Amino acid sequence: MSVFFFTLLVPFLGFLFFFKTTKQQQRSHNNNHAPLSHPIIGCLVSFYQNRHRLLDWYTEQLANSPTQTIVVRRLGARRTVVTANPRNVEYILKTNFGNFPKGKPFTEILGDFLGCGIFNVDGELWHAQRKLASHAFSTRSLKDFIVKTLQEEVQQRLVPLLEHAARENHVIDLQDVLSRLTFDTVCKVSLGYDPCCLDLSKPLPPLLTAFDTASEVSAARGSAPVFLVWKMKRMLNVGSEKALKEAVKLVHESVMNIIKLKKEEIRFNRKNGTDLLDRLLEACHEEIVVRDMVISMIMAGRDTTSAAMTWLFWLLSRHREQEASLVKEVYDENNQNQGLGLDYECLKEMKLLKACLCESMRLYPPVAWDSKHAGGADVLPDGTHVEKGDRVTYFPYGMGRMEALWGENCCEFKPQRWFHEENVDNGILKCVNPYMFPVFQAGPRVCLGREMAFIQMKYVVASILNRFVISPVSDEHPRFVPLLTAHMAGGFIVRVHKRNGTEIEK
């Protein structure tokens, strides 16, 4: 009798579970504006079908939501709230900051690479690193050191490289060139170490190659449809996880060797402290903590700025009238500085260049999305319920394409949108809500290197535009690929031409 009862009970309970799950998914789809989901697997089918266009898929889902927020459930991943609503972004990044840390799921993905660096920790460890980095970034001596480093790198390496490409009519990958440039610069500023990446006749330094591998595999972990796959590969030490382990080992050993040499220099007073590593070591932090902080800063400072500049040069190649205005601004500022070149004060005055950079990052943000994890149950300002442990993601890529935020021309390159309408000609920039444009984050975790990033991008872009015309080889629209930081698929293949004097003076 009991066996007969059990055989009837199991299917009945299964039916009840299926019915309840179906109703929950339907309610989620109707009330929380979730993608179409199925019992047990959630939206895994749709997620997999759109895996090669996830950014646009999420953007479409958010645009169709009245609140610009969706709730995503899929097998193998935790419940995820994705938002492009500035009120929600402010709540997550500022108002209730304490309830939305990076969280263990995020730090686990990047932990092998970034360790306990500032971008991968929460709580007291984050606060201590933040305080130290904030002091270092605020010094005028560091700003001057950055400009001096840029002058050397651009004038002695980048300009001769581009002149050679123009003279020989060579095709080059500008994305690769800018990535090498920014890696050189950030290593000099962070470590006081020169990897000499801009010699295209030589193979890439092992440290740069290892950085690229570690970034790529770590990013693949976060976008995997089922997280268990990469965890099994790591446990078995096979495939991409084996490559990650080897790359991380090389990065960690290389940086530690630089740290040990730097400590010897400091001990024997062989140099005055100017780079960030000097300042971190003088603060008497442990070597492992210093190593992880420096690696985080190199990753952030290198890839974000090179990505932003790459997309700006592509956009300018499609909008030559904007490029002409930029060239005139650079020419005028250089003349006002009596031809002495670009210095810190001169760069600050380039308002149109800053507007173009912001507009480029609005459309092609270096970090397409960023996630936190809810420490406790919560309700976002738009009414979306958040459960404890939920992944909560704000989505700069989608926000830049929301008509509700940027108007009907939201998908167009319009740098003038960054100026006050009545003061476009006077060059007065708007104070845009940082929670509507969170490419540098916002709130307590706002990017400390924001001003430094603009200095670097302005200097490099202005130096190139003042001398050269960049022409893409292909007319096709390049593909935007989000890794830890975004890049242009296949590189940015261009020809370089010298800019003539009459073109500059117009």
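**Figure 1. Three bridges connect β3 with strand β11 (residues 493-498), and the two strands run antiparallel.** The model shown here, as in every view below, is predicted. One bridge can be picked out by residue: V171 is partnered with R495 in β11. The wider setting is an open sheet of three strands, in the order β3-β11-β8. Its pairing is antiparallel. Strands β3 (171-173) and β8 (468-472) form the edges, and each of them pairs on one side only. From one strand to the next, the twist averages 45°. Strands of a sheet are held in pairs by backbone hydrogen bonds, in either a parallel or an antiparallel arrangement.

**Figure 2. Helix α8 (residues 174-191) lies across the three strands β3, β8 and β11.** The helix runs at about 50° to β3. The strands beneath the label are those of the open sheet β3-β11-β8. Helix α8 also appears in Figure 5, where α8 is among the elements that give two or more residues to a pocket lining.

**Figure 3. Strand β2 (residues 80-83) pairs with β1 and with β7.** Strand β1 (residues 69-72) and β2 are antiparallel, with four bridges between them. Strand β7 (residues 391-394) and β2 are parallel, again with four bridges. T83 takes part in both pairings: T69 has T83 as its bridge partner in β2, and T83 has Y394 as its bridge partner in β7. Which residues fill the two faces of β2? T80 and V82 are on one side, V81 and T83 on the other. All four are buried, so both faces of the strand are covered under the cut-off of under 20% relative accessible area. Strand β1 is likewise covered on both faces. There, T69 and V71 take one side and I70 and V72 the other, and all are buried.

**Figure 4. Two residues of the β1-β2 region are shown close up: T69 in strand β1, and R78 in the loop between β1 and β2.** Is T69 buried or exposed? T69 counts as buried, because its relative accessibility is 1%. Its side chain makes a polar contact with the side chain of T83, at 2.9 Å. T83 is also the bridge partner of T69. R78 counts as partly exposed, because its relative accessibility is 38%. Leaving aside residues up to four places away in sequence, R78 touches V72, P105, H373, G389 and R391. One of these, G389, offers its backbone oxygen, which the R78 side chain reaches at 2.7 Å. Another, P105, is 27 residues from R78 in sequence, while the C-alpha to C-alpha distance is 9.5 Å.

**Figure 5. The second largest pocket has a volume of about 460 Å³.** Its lining holds 21 residues. Which of them lie nearest the centre? They are S179, D212, R302, D303 and H487. Helices α8, α9 (206-223) and α13 (287-318) are the elements that give two or more residues to this lining. Helix α9 gives the most, with six residues.

**Figure 6. The largest cavity has a volume of about 30 Å³.** How many cavities reach 30 Å³ or more? The count is one. Its lining is made up of R362, P396, M399, G400, W406, M436, F437, P438 and V439. Empty space of this kind is found by rolling a probe the size of a water molecule over the atoms.

**Figure 7. The whole protein has 20 helices and eleven strands.** There are 506 residues, and buried residues make up 51% of them. Contacts between residues at least 6 apart in sequence were also sorted by separation: 71% of these join residues at least 24 apart. The R78 and P105 pair of Figure 4 can be found in this view, 27 residues apart in sequence.

Conventions: Residues numbered from 1 in each chain as written. Predicted model: local features only at pLDDT ≥ 70, side-chain atom pairs only at ≥ 80, totals over all residues. Heavy atoms only, no water. Pairing = 2+ DSSP bridges. Axes fitted to C-alpha atoms, helices over the stretch in contact; angles between N-to-C directions. Contact = heavy atoms within 4.5 Å. Buried < 20%, exposed > 50% of the residue type's maximum accessible area, 1.4 Å probe, protein only. Polar contact = N/O pair within 3.5 Å; in protein donor to acceptor, adjacent residues only side chain to side chain. 1 Å grid on protein atoms, 1.4 Å probe; cavity = no way out; pocket = protein on both sides within 12 Å on 5 of 7 lines; lining within 4 Å. Points joined across faces, edges and corners; volume = space filled by probe spheres on them.
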